[in-house]
Amino acid sequence: MPFKSFTDYLLLEKNYSALTVKAYQNDLDTFLEFIKLEYQTDSINQVNYAQIRTWIVSLVESGLSNRSINRKVSALNTYYKFLLKTSTIQVNPLIKHKALKTSKKIQIPFSEAEVSTVLDDFNFENDFEGIRNKLIIELFYSTGIRRIELVELKLLSFNLDNKTLKVLGKRNKERIIPLLESVIVTLNLYLKERSRLSSIIDSDYLFLTQKGVKIYETLVYRIINDYFSNASSKVKKSPHILRHSFATHLLNQGADLNAVKELLGHSSLAATQVYTHNSIAELKKVHVNSHPRSKK
């Protein structure tokens, strides 16, 4: 493994998750393949910016989005910073690189009515998959957890005495999220159905498939997309939009921004503030409808 000391550094010192480290490894492997093919060298430590620029151009020409390209270049830049830190190189070839421009995407959350339609009006099948799917939707909307955090939930993540959920977030940062009573009711129903599975392979994990193995991210996406396709005409219907809806609806109801930041597991308020544009829109609506001067 050519980047083992770097990946060890990310895992042990920077406390990055295994998934993030794997993504960094893949990006570096891709770049290494490129310079081998184009420049007949496997010394990633000795390339110059012109060569890196050629790689970036090839990524653009392949149709990759600027956002994805910036992520790949960021992985390479992190690697060069590590080489500087360990005195392996004297100059970072990416020191003057400017990220490609990206358009800011406004994520449109589900409305409260759309979420209610799914959770209150739909008839979830009263079997293992139906109850599991309802619990997945309820957890996303009531806790704001990320898709990978949901996939990685263990049976021991829940404390039903305290009505809390322990989540392992980015950089292995733990946070405790309170659970609604309605979620606990669905959780108990699901656990009863789960115990009836004929075979359980990944016994530590909460969410399983019918075959008893740990649920996977694409299936979680498909579940959310399928249910919300019947309730919403929005273009994007994903677990992240449910997370977005959780934050937006809390803020619309007057929740403190710092409290929402802690629930979401953000490291800075700036990351949470992207959710406030919807709250501002809601405030404007209330302001126009309620202010005594608005009718004049």
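Here is a short walk through the small set of strands that form one sheet in this model.

Before we start, note that this is a predicted model, where local features need pLDDT of at least 70, side-chain atom pairs count only at pLDDT 80 or more, and totals for chains, interfaces and linings use all residues. Residues are numbered from 1 along each chain as its sequence is written, and side-chain values use heavy atoms, with hydrogens and water left out.

Let us begin with the overall layout. Three strands (DSSP runs of E, at least two residues, numbered from the N terminus) make an open sheet in the order β1-β2-β3, with antiparallel pairing. The edges belong to β1 (158-159) and β3 (174-178); each has a single partner strand, so one side of each is left without a neighbour in the sheet. Two strands count as paired if DSSP finds at least two bridges between them. In general, strands of a sheet pair through backbone hydrogen bonds.

Now follow the chain. β1 and β2 run antiparallel and are joined by two bridges; through one of the pairings, Phe 158 has Leu 165 in β2 as its bridge partner. The hairpin of these strands has four residues between them, and Lys 163 takes a positive phi near 60 degrees there.

Next, β2 (residues 164-168) pairs with β3 in the antiparallel sense over five bridges. Leu 165 appears again here, with Ile 177 in β3 as its bridge partner, while Lys 166 is partnered by Ile 176. Five residues lie between the strands of this hairpin, where Arg 171 takes a positive phi near 55 degrees.
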